[in-house]
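Thanks for making the time this morning. I would like to walk you through one model, starting from a single side chain and working outwards, so please keep the picture in view as I talk.

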Amino acid sequence: MTEENQNEKFDESSEQTQNVATEETNGNENEEVENVEEVEETEKTVEIPETELEQLKEKLNEEEEKYLRLYAEFENYKRRMKQEASVAKDYQAQRVLTDVLPALDNMDRALKQEGESEDFVSFKKGVQMVYDDLLRSLKENGLEEIESENKEFDPTVHQAVMQDSNPDFESGVITEELQRGYKLKERVLRPAMVKVNE
């Protein structure tokens, strides 16, 4: 092969290499142009009109307000349930105590009876012991006696069933307790039946 032929072949291969490099560069430029166009299109889609932005802000504020309202309601509900459970616990003995009150009344009436025989005195002593034990147990569970005699009449805890005209007492003062009243903590189970001075 002559030197001239070799030079021609070298020139041809150089030209081909340059063409390939030019095509690759053009291809890369085209890809870059396409990528730039895609980014511009994406940026265009992100642009939100001012009115739509305001609407979204308003909707967000509404949703936040709804959430805060629901949260407050739930906290109130929890507090109310806790309070109701506490009240129920405090007054859980109310039904039992109310049912026992007639038995206490009967024992109280029995203790007011008088007798002189040895059997009666012995029997009365036994009833007194049972009454005292029962009353002590009930008081440990929250039962309180309502004080009446020589006290000012209070319609929240007393029930006036008779009037008295006793000069030894001031007007509106209780002269006699006819039936004992009871409370469970601050709740009246049964008002005391009383006789009130005019």
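Let me begin with L134, which, if we set aside residues up to four places away in sequence, touches V100, L104 and M107. Before going further I should say that this is a predicted model, and everything I describe is computed from it. L134 is found in helix 4, and with a relative accessible area of 28% it is partly exposed. One of its partners, V100, is 34 residues away from L134 in sequence, and the two C-alpha atoms are 9.7 Å apart in space.

From there, the natural next stop is L104, whose place is in helix 3. Is L104 buried or exposed? At 0% relative accessibility it counts as buried, because the cut-off for that word is a value under 20%. Again leaving out residues up to four places away in sequence, L104 touches Y131, L134, L135, L138, L143 and Y182. The chain also brings R180 into this neighbourhood, in the sense that the C-alpha atoms of L104 and R180 are separated by 9.5 Å although the two residues are 76 apart along the chain.

Now to the two helices themselves. Helix 3 and helix 4 pack at an angle of about 150°, and their axes are 10 Å apart. That angle makes helix 3 roughly antiparallel to helix 4, because values over 145 degrees are described in that way. The crossing of the two, helix 3 and helix 4, is left-handed. On the helix 3 side, the contact is made by L97, V100, L104, M107, D108 and L111, while helix 4 brings K124, V127, Q128, V130, Y131, L134, L135 and L138. Sorted by character, the residues of this contact between helix 3 and helix 4 come to eleven nonpolar, one polar and two charged.

Some of these names return when we turn to the core. The largest nonpolar core has 16 residues, and the ones that touch the most other members are L97, L104, Y131 and L143. At least two residues of this core come from each of helix 3 (94–111), helix 4 (118–140) and strand 4 (181–184), and the greatest contribution is that of helix 3, with six residues. As a general background, nonpolar side chains in soluble globular proteins tend to be buried together. L97, for its part, touches L138, N141, L143, L184 and L189, once more not counting residues up to four places away in sequence.

Let me step back to the whole chain. The secondary structure comes to four helices and six strands, and read along the sequence the order is α-α-α-α-β-β-β-β-β-β. Of the 198 residues, 19% count as buried. Among contacts with a separation of 6 or more, 62% join residues that are 24 or more positions apart.

Finally, two backbone details in loops. Which loop holds N150? N150 is found between strand 1 (143–146) and strand 2 (158–164), where its phi is near 65°, a positive value in a residue other than glycine, and with a relative accessible area of 54% N150 is exposed. K185, which lies in the loop between strand 4 and strand 5 (187–190), also has a positive phi, of about 55°, although it is not a glycine. At 33% relative accessibility, K185 counts as partly exposed.

Methods: Residues are numbered from 1 along each chain as its sequence is written. This is a predicted model: local features need pLDDT of at least 70, side-chain atom pairs count only at pLDDT 80 or more; totals for chains, interfaces and linings use all residues. Side-chain values use heavy atoms; hydrogens and water are left out. A nonpolar core is a set of buried Ala, Val, Leu, Ile, Met, Phe, Trp, Tyr and Cys residues joined through side-chain atoms within 4.5 Å. Buried means under 20% relative accessible area, exposed over 50%, partly exposed in between (1.4 Å probe, protein chains only). Contact means heavy atoms within 4.5 Å. Axes are lines fitted to C-alpha atoms, for helices over the stretch in contact, and angles run from 0 to 180 degrees between N-to-C directions. Angles under 35 degrees count as roughly parallel, over 145 as roughly antiparallel, 65 to 115 as roughly perpendicular and the rest as oblique. A crossing is left-handed if the near helix is turned anticlockwise from the far one by less than a right angle, and right-handed if clockwise. Ala, Val, Leu, Ile, Met, Phe, Trp, Tyr, Cys and Pro count as nonpolar, Asp, Glu, Lys and Arg as charged, and the others, Gly among them, as polar.
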